[in-house]
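Dear colleague,

I am passing on the structure below for you to look over. After it I have set out what was found, beginning with the cysteines and going on to the helices.

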Amino acid sequence: MDRVNGSVVTEFVLLGLAQSLGMQSFLLLFFFLFYAGIILGNLFIVFTVIFDSHLHSPMYILLANLSVIDLGLSSTTVPRMISDLFSDCKIISFHSCMIQIFFIHVMGGVEMVLLIAMAYDRYTAICKPLHYLTIMRPKICVFLIVAAWIIGVIHAVFQFVFVINLPFCGPNNVGSFYCDFPRVIKLACMDTYKLEFVITANSGFISMGTFFVLIISYIFILVTVRKHSSKDLSKVFFTLSAHITVVVLFFTPCMFLYVWPFPTKSLDTFFSIVDFVVTPVLNPAIYTLRNRDMKMAMRRLSRQVVNFREIM
């Protein structure tokens, strides 16, 4: 990293979420409970899918991977948010900031591809049920998961290589409770207009495009079902509503944060909290409470745990 004006930024200052002790205590309780829910809910889905043979199908394997990503994405920011609540010195080192940015975008990129894979899985199951087992065979499922990770890493690296060598020599206040490309780039000691456009195109426009493609694909599925049998429409809509809800929860904050960044600081903070805290805890609830197979698997797993305790 080049030296500019004889100094180099080695750390960044993060934004505090609250000043009053009462609000800090409330946020501590809020983040702690939600993060505990994220850990327990997502791990529960992962272990349920692993140990219940009835769930060894593409849809639930993809769901388990989505739970791993949700847990990883929230873990990049939430523990730090909790520890910084009562800290007077909210400092993050340059390297820690870069690592946080990298993993946020790896996880975000992987989740984006997994949501596309899950939409394709539902399209195949509903619109081509006779060919489902042929199309969504285990090798294809593994390929989709591996592809998701590769694309996620490429997505992060593509932006990361531009940012890591930027000259930082003056301001070091990120203006948020976590590090991310749009905020850190603005602190560089050079004209970053073109680079900001690259970041917006890579994260913002891709998020927006993927969101609309997914929504259109779900509408296409519903229209296809309606043409063949209007009686099945309500059942299919109930099944797809969980997927649509997750897509909206994931992509709405992304579009606001990267396509229309910094509308107001409070709105920016709100969407960031939704992305890292609220969505990862809602996903397990949405997929378990609205899915009959998951409910049955939960009962079977609970009985196994009870029987194991009785044996012990």
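**Cysteines and their pairing**

Cys 189 has a relative accessible area of 27%, and is therefore partly exposed. Please keep in mind throughout that this is a predicted model. The partner of Cys 189 is Cys 169, to which a disulfide joins it with an S to S distance of 1.8 Å. Since Cys 169 sits in the loop between α6 and α7, while Cys 189 sits in the loop between α7 and α8 (193-228), the pair ties together parts that are 20 residues apart in sequence. The torsion about the S-S bond of Cys 169 and Cys 189 is about -125°, so this disulfide is left-handed. Cys 169 itself is buried, because its relative accessible area is 14%, which is under the 20% that sets the limit for buried residues.

How many disulfides are there by the distance rule? The count comes to two, and the other one is formed by Cys 97 and Cys 179, whose sulfur atoms are 2.1 Å apart. Here Cys 97 belongs to helix α4 (residues 94-127) and Cys 179 to the loop between α6 (138-163) and α7 (181-185), so that this disulfide ties together parts 82 residues apart in sequence. The link of Cys 97 and Cys 179 is left-handed, with -120° about the S-S bond. Cys 97 counts as buried at 0% relative accessibility, and Cys 179 is likewise buried, with a relative accessible area of 0%.

When the bonded cysteines of the chain are numbered in sequence order, the pairing reads 1-3, 2-4. Cys 89 takes part in no disulfide, the nearest cysteine sulfur being that of Cys 179, which is 14 Å away. Is Cys 89 buried or exposed? At 55% relative accessibility Cys 89 counts as exposed, since the limit for that class is over 50%. Cys 141 is also in no disulfide, and for this residue the nearest cysteine sulfur, that of Cys 127, is 19 Å away. Unlike the exposed Cys 89, Cys 141 is buried, with a relative accessible area of 3%.

**Helix α10 and its neighbour α2**

Helix α10 (residues 265-289) has 25 residues, which at 1.5 Å a residue should span 36 Å, and the 34 Å between its end C-alpha atoms agrees with that. There is nevertheless a bend of about 40° in α10 at Val 278, and a proline, Pro 280, follows within four residues. Of the 25 residues of α10, 18 are buried, so the helix is largely enclosed by the rest of the structure. One residue of α10 that you may wish to look at is Val 274, which is buried with a relative accessible area of 15%. From Val 274 to Cys 127 the separation is 147 residues in sequence and 33 Å in space, taken C-alpha to C-alpha.

How do α2 and α10 lie with respect to each other, roughly parallel or roughly antiparallel? The axes of helix α2 (residues 58-75) and α10 come within 9 Å and cross at roughly 155°; as angles over 145 degrees count as roughly antiparallel, α2 and α10 are roughly antiparallel to each other. The crossing in which α2 passes α10 is left-handed. As for α2 itself, its 18 residues reach 26 Å from the first C-alpha to the last, close to the 26 Å expected at 1.5 Å a residue. With 15 of its 18 residues buried, α2 is largely enclosed by the rest of the structure.

**Helices α8 and α9, and a loop residue**

The axes of α8 and helix α9 (residues 233-258) come within 9 Å, crossing at roughly 165°. That angle makes α8 roughly antiparallel to α9, and the crossing of α8 and α9 is left-handed.

Finally, Leu 85 is found in the loop between α3 (78-84) and β2 (91-93), and at 3% relative accessibility this leucine counts as buried. Leu 85 and Ser 74 are 11 residues apart in sequence, and their C-alpha atoms are 16 Å apart in space.

With best regards

Key:
Residues are numbered from 1 along each chain as its sequence is written. This is a predicted model: local features need pLDDT of at least 70, side-chain atom pairs count only at pLDDT 80 or more; totals for chains, interfaces and linings use all residues. Side-chain values use heavy atoms; hydrogens and water are left out. Helices (H or I, at least four residues) and strands (E, at least two) are DSSP runs, numbered from the N terminus. The expected span of a helix is 1.5 Å times one less than its number of residues. The bend at a residue is the angle between axes fitted to the seven residues ending there and the seven starting there. Buried means under 20% relative accessible area, exposed over 50%, partly exposed in between (1.4 Å probe, protein chains only). A disulfide is a pair of cysteine sulfur atoms within 2.5 Å. Axes are lines fitted to C-alpha atoms, for helices over the stretch in contact, and angles run from 0 to 180 degrees between N-to-C directions. Angles under 35 degrees count as roughly parallel, over 145 as roughly antiparallel, 65 to 115 as roughly perpendicular and the rest as oblique. A crossing is left-handed if the near helix is turned anticlockwise from the far one by less than a right angle, and right-handed if clockwise.
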